[in-house]
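Student: Please take one part of this model and go through it closely, starting with how helices pack and then moving to what surrounds them in the fold. I would like the cut-offs behind each term as you go.

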Amino acid sequence: MKILIVEEEKTLAESIHTMLKPQGFHIEIIRDGASGPDYAALGIYDLIILEMALQSLRGCEVVRRIRAQRCGTPILMLTCAPSPKERVEALNGGADYYLARPFEAEELLACIHALVRRQGAQVDTLTWGNTSLELSSGTLICGVERVRLSSREFDVMRLLMQNPRYNLSKETILAHVWGYDSNAIDNHVEVYVSILRKKLALIHSNIKIVASRRLGYHLDLVEK
C-alpha cells in the first residue's frame, strides 16, 4: 500500500512514518501542503494523510482541490482538538475521516485499514486491456497467466496503468517511483520498462508500453 503524508511539521511527519513503516507501507512525505493536489492527481496512492493546520495552504482547501480533480483517494485528516466547525468543514470538503492528535499507532492503523476497506475492489485491482495488476500481491494477470513483479517493477507498472493514455516523462517516473531526492537516472527507467515489456509478453498481455520520443512512455493495446 502506498501512502502520501502531507505534513509540514518535520517531527510529526517522521513520527507518523515511524508508526507506519513496520507495517510494510510504502510512504512518501511532502512538506509543502500546496503541492498536495498535484501529488494526489497522479493517482498512485492508496491513502492520503493530510494535516489540517498547514501553513502554506489550509488542509481543508487542499482537500477541496484534490476532490475538484475527481481524485477519489481516501483522505485521513489529522488535527489537534478540532472544533465542531472544523470537523464539519473537513468532512464536507471531501475528507473521509479525521483523527485528533495525540493518537496511538494502533488507532492510526485502524483508521487506515477502515478507510481502505471501504474502497473494496476499486483499490485492489487495476485493469487495462486484457490484463490486470493486483495491487495486494504485485501480480500481473492475463487470463490464467500470472507473473509477480518486484517492488520497483510494480511501482512503474502501476503508475503507467493509472495514467494509461498519458505520456509520462522519465523525469516524472523517476520522481514518483524513486523519489525526488533519489540519485536514479533515466537509464533506470529504461531498464525497468524493458523488464516489464518482457513480463507482459510472457503472460500474453495485449498491453504494450510505447515510448514517445521526448515525451516519455504510455500504454497502448496490441492490435491482433
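Tutor: Contact here means heavy atoms within 4.5 Å. The model is a predicted one, in which local features need pLDDT of at least 70 and side-chain atom pairs pLDDT 80 or more, while totals for chains, interfaces and linings use all residues. Residues are numbered from 1 along each chain as its sequence is written, and side-chain values use heavy atoms, with hydrogens and water left out.

Helix α3 (residues 59-68) and helix α4 (residues 84-93), which are DSSP runs numbered from the N terminus (H or I, at least four residues, for helices; E, at least two, for strands), pack at an angle of about 15° with their axes 8 Å apart. These axes are lines fitted to C-alpha atoms, for helices over the stretch in contact, and angles run from 0 to 180 degrees between N-to-C directions. The two helices are therefore roughly parallel to each other (under 35 degrees; over 145 is roughly antiparallel, 65 to 115 roughly perpendicular and the rest oblique). Their crossing is left-handed, the near helix being turned anticlockwise from the far one by less than a right angle.

On the α3 side, Cys60, Val63, Arg64 and Arg67 meet Glu89, Ala90 and Gly93 of α4. By class, this contact has three nonpolar, one polar and three charged residues, with Gly counted as polar.

Turning to the sheet, five strands form an open, parallel arrangement in the order β2-β1-β3-β4-β5, where two strands pair if DSSP finds at least two bridges between them. At its edges stand β2 (26-30) and β5 (97-101), each with a single partner strand, so one side of each is left without a neighbour in the sheet. From one strand to the next the twist averages 20°. Within the sheet, β3 and strand β4 (residues 75-80) pair in the parallel sense over four bridges, and Ile49 stands opposite Leu76 in β4. Helix α1 (residues 10-20) packs on this sheet, touching β1 (2-6), β2, β3, β4 and β5, and its direction makes about 175° with that of β2.

Finally, the side chains of Asp46 and Arg158 meet in a salt bridge (2.7 Å, N to O), a term that requires a side-chain nitrogen of Lys or Arg within 4 Å of a carboxyl oxygen of Asp or Glu. Asp46 lies in the loop between α2 (36-40) and β3 (47-51) and Arg158 in helix α7, so the pair ties together parts that are 112 residues apart in sequence.
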